[in-house]
Amino acid sequence: MSTKRIHLTPFETAHIQSLHKWLNDERAIQMIGRTPLTYEEVVQEVEKKRKE
């Protein structure tokens, strides 16, 4: 699915680095109300979701 500003694709392992960056954005952390995640924690969460 695409628009001029957004292109949605299925999640791939190559996206983990971007996900880690987004999840640790200061504003995102404040809005969500949680602590920052390490890269390894993000990988673990992604793998956990894939198994569900």
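User: In this predicted model, which helix holds H20?

Analyst: The model is predicted, and within it the chain elements run α-α-α from the N terminus on. The stretch covering residues 16-23 is a helix, and H20 lies in that helix, which is α1.

User: Is H20 buried or exposed, or does it count as partly exposed?

Analyst: A residue is called buried under 20% relative accessible area and exposed over 50%, with partly exposed in between. The relative accessibility of H20 is 22%, and therefore H20 counts as partly exposed.

User: Which residues does H20 touch, not counting residues up to four places away in sequence?

Analyst: Once residues up to four places away in sequence are set aside, H20 of helix α1 still has contacts elsewhere in the chain. Helix α3 covers residues 39-51, and the residues that H20 touches are L37, T38, Y39 and V42.

User: How far apart are the C-alpha atoms of E40 and H20?

Analyst: E40 lies in helix α3, whereas H20 lies in helix α1. E40 is exposed, because its relative accessible area is 51%. Although E40 and H20 stand 20 residues apart along the chain, their C-alpha atoms are separated by 9.2 Å.

User: What separation is found between the C-alpha atoms of H20 and M1?

Analyst: Here the two residues are 19 residues apart along the chain, with H20 as one partner and M1 as the other. The separation of their C-alpha atoms is 23 Å.

User: How many salt bridges does the structure hold?

Analyst: Side chains of opposite charge can pair when their charged atoms come close. One such pair joins R50 and E47, and E52 forms another with K49. The number of salt bridges that the structure holds is 2.

User: Where do R50 and E47 lie, and what is the N to O distance in their salt bridge?

Analyst: Both R50 and E47 lie in helix α3, where they are 3 residues apart, about one turn of the helix. R50 counts as partly exposed because its relative accessibility is 39%, and E47 likewise counts as partly exposed, at 32%. Their side chains meet in a salt bridge with an N to O distance of 3.3 Å.

User: With which residue does E52 form a salt bridge?

Analyst: E52 lies in the segment after α3, and because its relative accessibility is 66%, E52 counts as exposed. The partner is also exposed, with a relative accessible area of 53%. The closest N and O atoms of the pair are 3.9 Å apart, and the partner of E52 is K49.

User: What distance in space lies between E52 and T38, C-alpha to C-alpha?

Analyst: T38 is among the residues that H20 touches, while E52 lies in the segment after α3. E52 and T38 are 14 residues apart in sequence, and from C-alpha to C-alpha their distance in space is 22 Å.

User: What radius of gyration does the protein chain have?

Analyst: The protein chain has 3 helices and 0 strands, and its C-alpha atoms fill a box of roughly 30 × 30 × 20 Å along the principal axes. For a compact globule of 52 residues the radius of gyration would be near 10 Å, but for this chain the value is 13 Å.

User: What share of the residues counts as buried?

Analyst: The chain exposes about 4900 Å², of which carbon and sulfur atoms supply 57%. Of its 52 residues, the share that counts as buried is 10%.

Methods
Residues are numbered from 1 along each chain as its sequence is written. This is a predicted model: local features need pLDDT of at least 70, side-chain atom pairs count only at pLDDT 80 or more; totals for chains, interfaces and linings use all residues. Side-chain values use heavy atoms; hydrogens and water are left out. Helices (H or I, at least four residues) and strands (E, at least two) are DSSP runs, numbered from the N terminus. The radius of gyration is taken over C-alpha atoms; the globule rule is 2.2 Å times the number of residues to the power 0.38. Buried means under 20% relative accessible area, exposed over 50%, partly exposed in between (1.4 Å probe, protein chains only). Accessible areas come from the Shrake-Rupley method with a 1.4 Å probe; for residues, only the protein chains shown count as cover. Contact means heavy atoms within 4.5 Å. A salt bridge is a side-chain nitrogen of Lys or Arg within 4 Å of a carboxyl oxygen of Asp or Glu.
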